[in-house]
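Work through the exercises below with the sequence and the 3D structure in view. Each task is followed by a solution in steps.

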Amino acid sequence: MSEKWKKTLIGIVTGFANGLFGSGGGTIVVPAMERFLNVEEHKAHATAIAVILPLSVLSLIIYLWKTDVSAVWQLALWASAGGLAGGLVGAKLLAKVSGLWLHRIFGAFMLAAAVRMML
C-alpha cells in the first residue's frame, strides 16, 4: 500500500473515532503513525495534536448544530481554559521525555482509559 493511502486510511479511521467518541483520535493516530508510517514517537505525538484540532472543531460544529448550544459552550469554555494550560505544559515536557518513557506514559493513559470504560 502506498504512503498516501496509508496516511489517508489513518486519517479516515482517526476522524471516525474522533467524531464518534467526541475525541480519542489521538489513541489511534499516534500508534498508527509509529507503526505504519515509521514516524518517531515525539513527531507522532506532535503531529497528532495538529491532526486532532481540525477534527475536534468539525465534530464540535456538527454537535452544536444538533443540540442546545448554551449548555455546551459554558462547559467547553472552562474545559478549554484548562486544556490550554495543560497543553502548554505537555508541549514543553514532550521535548524533555525520552521516546521510551513517552511510550510508557501514553500506554499507561490508554490502559487507564480502557479500564475506566470497562467499569
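Helices (H or I, at least four residues) and strands (E, at least two) are DSSP runs, numbered from the N terminus. The structure is a predicted model, in which local features need pLDDT of at least 70, side-chain atom pairs count only at pLDDT 80 or more, and totals for chains, interfaces and linings use all residues. Residues are numbered from 1 along each chain as its sequence is written, and side-chain values use heavy atoms, with hydrogens and water left out.

**Exercise 1. Overall build**

Task: State how many helices and strands the protein has, and give its pattern along the sequence.

Solution. Step 1: the count gives five helices and zero strands. Step 2: read along the sequence, the pattern is α-α-α-α-α. Step 3: for the extent, the C-alpha trace spans about 40 × 35 × 30 Å along its principal axes.

**Exercise 2. Buried or exposed**

Task: Decide whether V29, S56 and A113 are buried, partly exposed or exposed.

Solution. Step 1: take the cut-offs, where buried means under 20% relative accessible area, exposed over 50%, and partly exposed in between (1.4 Å probe, protein chains only). Step 2: V29 lies in helix 2 and is buried, because its relative accessible area is 3%. Step 3: S56 belongs to helix 3 (residues 41-65) and is partly exposed, because its value is 28%. Step 4: A113 is in helix 5 and is partly exposed, because its value is 37%. Step 5: for the whole protein of 119 residues, 20% count as buried.

**Exercise 3. The nonpolar core**

Task: Name the residues of the largest nonpolar core and find which element gives the largest share.

Solution. Step 1: a nonpolar core is a set of buried Ala, Val, Leu, Ile, Met, Phe, Trp, Tyr and Cys residues joined through side-chain atoms within 4.5 Å. Step 2: the largest such core has nine residues, namely I10, V29, V30, A32, M33, L37, V39, A44 and A48. Step 3: helix 2 (26-36) and helix 3 are the elements that give two or more residues to this core. Step 4: helix 2 gives the largest share, four residues. In soluble globular proteins, nonpolar side chains tend to be buried together.

**Exercise 4. Residues in loops**

Task: Place N38 and A95 and say whether each is buried or exposed.

Solution. Step 1: N38 lies in the loop between helix 2 and helix 3. Step 2: N38 counts as exposed, because its relative accessibility is 67%. Step 3: although N38 is not a glycine, its phi is positive, about 55°. Step 4: A95 is in the loop between helix 4 (69-94) and helix 5 (99-118). Step 5: A95 also counts as exposed, because its relative accessibility is 69%.

**Exercise 5. Distances along the chain and in space**

Task: Give the C-alpha separation of V29 and V13, of S56 and G15, and of A113 and I61.

Solution. Step 1: V29 and V13 are 16 residues apart in sequence and 8.3 Å apart in space. Step 2: S56 and G15 are 41 residues apart along the chain, with 8.8 Å between their C-alpha atoms. Step 3: A113 and I61 are 52 residues apart along the chain and separated by 25 Å.

**Exercise 6. A ring and a charge**

Task: Find which charged residue sits over the ring of W101.

Solution. Step 1: a charge sits over a ring if NZ of Lys or CZ of Arg is within 6 Å of the ring centre and within 35 degrees of the ring normal. Step 2: the charged end of R104 sits over the ring of W101, 4.8 Å from its centre.
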